[in-house]
Amino acid sequence: MEFSELVKIRQSDRKYSDKPVEKEKILQCLETTRLSPSANNSQPWKFIVIDEHNLKEMVASSASGLGMNRFTHQAPVIVAVVLEKMNGMARIGSAIKNKDYSLIDIGIAVNQFCLQAAELGLGTCIIGWFDEKKIKKLLGVERKKRVPLLITVGYSMAGRREKNRKPAEVISSWNQY
Ligand SMILES: Cc1cc2nc3c(=O)[nH]c(=O)nc-3n(C[C@H](O)[C@H](O)[C@H](O)COP(=O)(O)O)c2cc1C
């Protein structure tokens, strides 16, 4: 598939079938994610694949509430992204330049995961709204670490949507702001 087509078919899928996700496909997504760029090649991430049904249900419950993210219960797999410590140079760079490179790194890696999943015929949705404290407890993540994002993974039952995006002339300019 052409990259430009892959980018169009990747969408946030919020409806999944019961079909289990093959372990090889998850491993391929993790491999593509592993190759992501990061500031000073710091790779400040760990991905926890949650495919054990009862645990996944508890994680889904911690991600849903107030009408949000109920579809997480349908996804056979949820991946939790743990923010790990940046290496020394990336930390120094972050401090000097007053930029949290690690969250930028996580965003890039998560997008690589989702694009790879789309190429393999899987649907995903990035989830940023969840009870982080509960999820850390369920997954045995140290209290001081952060879990910025979850990703739902499964075979999508959602139809393909047109992208709703700002026009190119609004989000870009040439030579001046
Ligand atoms: C950092 C981040 C957090 C997000 N959190 C949620 C979420 O909690 N629940 C949800 O349904 N979608 C969530 N999304 C998905 C966005 O709503 C979605 O990417 C956006 O509307 C564009 O639609 P598309 O992904 O289908 O192209 C999140 C996306 C990102 C990048």
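The secondary structure of the protein chain in this predicted model adds up to 7 helices and 4 strands. Reading along the sequence, the order of elements is α-α-β-α-β-α-α-β-α-β-α. As for overall dimensions, the C-alpha trace spans about 50 × 40 × 35 Å along its principal axes. The radius of gyration comes out at 17 Å, which agrees with the value near 16 Å that a compact globule of 177 residues would have.

The contact pattern leans on partners far apart in sequence: among contacts with a separation of 6 or more, 78% link residues 24 or more positions apart. Of the 177 residues, 41% count as buried. On the outside, the protein chain exposes about 11,100 Å², and carbon and sulfur atoms supply 54% of that area.

Now for the interior. In soluble globular proteins, nonpolar side chains tend to be buried together. Here, the largest nonpolar core has 20 residues. Those with the most contacts inside this core are Phe 47, Val 79, Val 81, Ile 106, Val 110, Ile 151 and Val 153. Two or more core residues come from each of α2 (23–34), β1 (45–50), β2 (77–83), α5 (101–119) and β4 (146–154). Helix α5 gives the largest share, with 6 residues.

Val 110 offers a good view of how this core is put together. Leaving out residues up to four places away in sequence, Val 110 touches Phe 47, Val 81, Ile 126, Leu 149 and Ile 151. Three of these partners, Phe 47, Val 81 and Ile 151, are themselves listed with Val 110 among the core residues with the most contacts. There is also a second, separate core of 18 residues, which includes Ile 50, Val 59, Val 147 and Leu 150.

Not every nonpolar side chain is tucked away. Leu 66, Met 68 and Trp 129 make a nonpolar surface patch of about 350 Å². Trp 129 sits in the loop between β3 (123–127) and α6 (132–139). With a relative accessibility of 38%, Trp 129 counts as partly exposed, because that value lies between the 20% and 50% limits.

The loop between α2 and β1 is worth a closer look, starting with Ser 38, which is found there. Ser 38 counts as buried, since its relative accessibility is 15%, and buried means under 20%. Apart from neighbours within four places in sequence, Ser 38 is in contact with Gln 43, Pro 44, Trp 45 and Asp 105. Ser 38 and Ser 102 are 64 residues apart along the chain, yet their C-alpha atoms are separated by 7.7 Å.

Gln 43, one of the contacts of Ser 38, belongs to the loop between α2 and β1 as well. Its backbone stands out a little: Gln 43 has a positive phi of about 50 degrees although it is not a glycine. Gln 43 is partly exposed, with a relative accessible area of 36%.

Asn 69 is another non-glycine residue with a positive phi, in this case about 60 degrees. Asn 69 is placed in the loop between α3 (53–63) and β2. Is Asn 69 buried or exposed? At 13% relative accessibility, Asn 69 counts as buried.

Terms used: Residues are numbered from 1 along each chain as its sequence is written. This is a predicted model: local features need pLDDT of at least 70, side-chain atom pairs count only at pLDDT 80 or more; totals for chains, interfaces and linings use all residues. Side-chain values use heavy atoms; hydrogens and water are left out. A nonpolar core is a set of buried Ala, Val, Leu, Ile, Met, Phe, Trp, Tyr and Cys residues joined through side-chain atoms within 4.5 Å. Buried means under 20% relative accessible area, exposed over 50%, partly exposed in between (1.4 Å probe, protein chains only). Contact means heavy atoms within 4.5 Å. Patches are made of residues with over 30% relative accessible area and no salt bridge: like charges are joined within 9 Å, nonpolar side chains (Val, Leu, Ile, Met, Phe, Trp, Tyr) within 5 Å. Accessible areas come from the Shrake-Rupley method with a 1.4 Å probe; for residues, only the protein chains shown count as cover. A salt bridge is a side-chain nitrogen of Lys or Arg within 4 Å of a carboxyl oxygen of Asp or Glu. The radius of gyration is taken over C-alpha atoms; the globule rule is 2.2 Å times the number of residues to the power 0.38.
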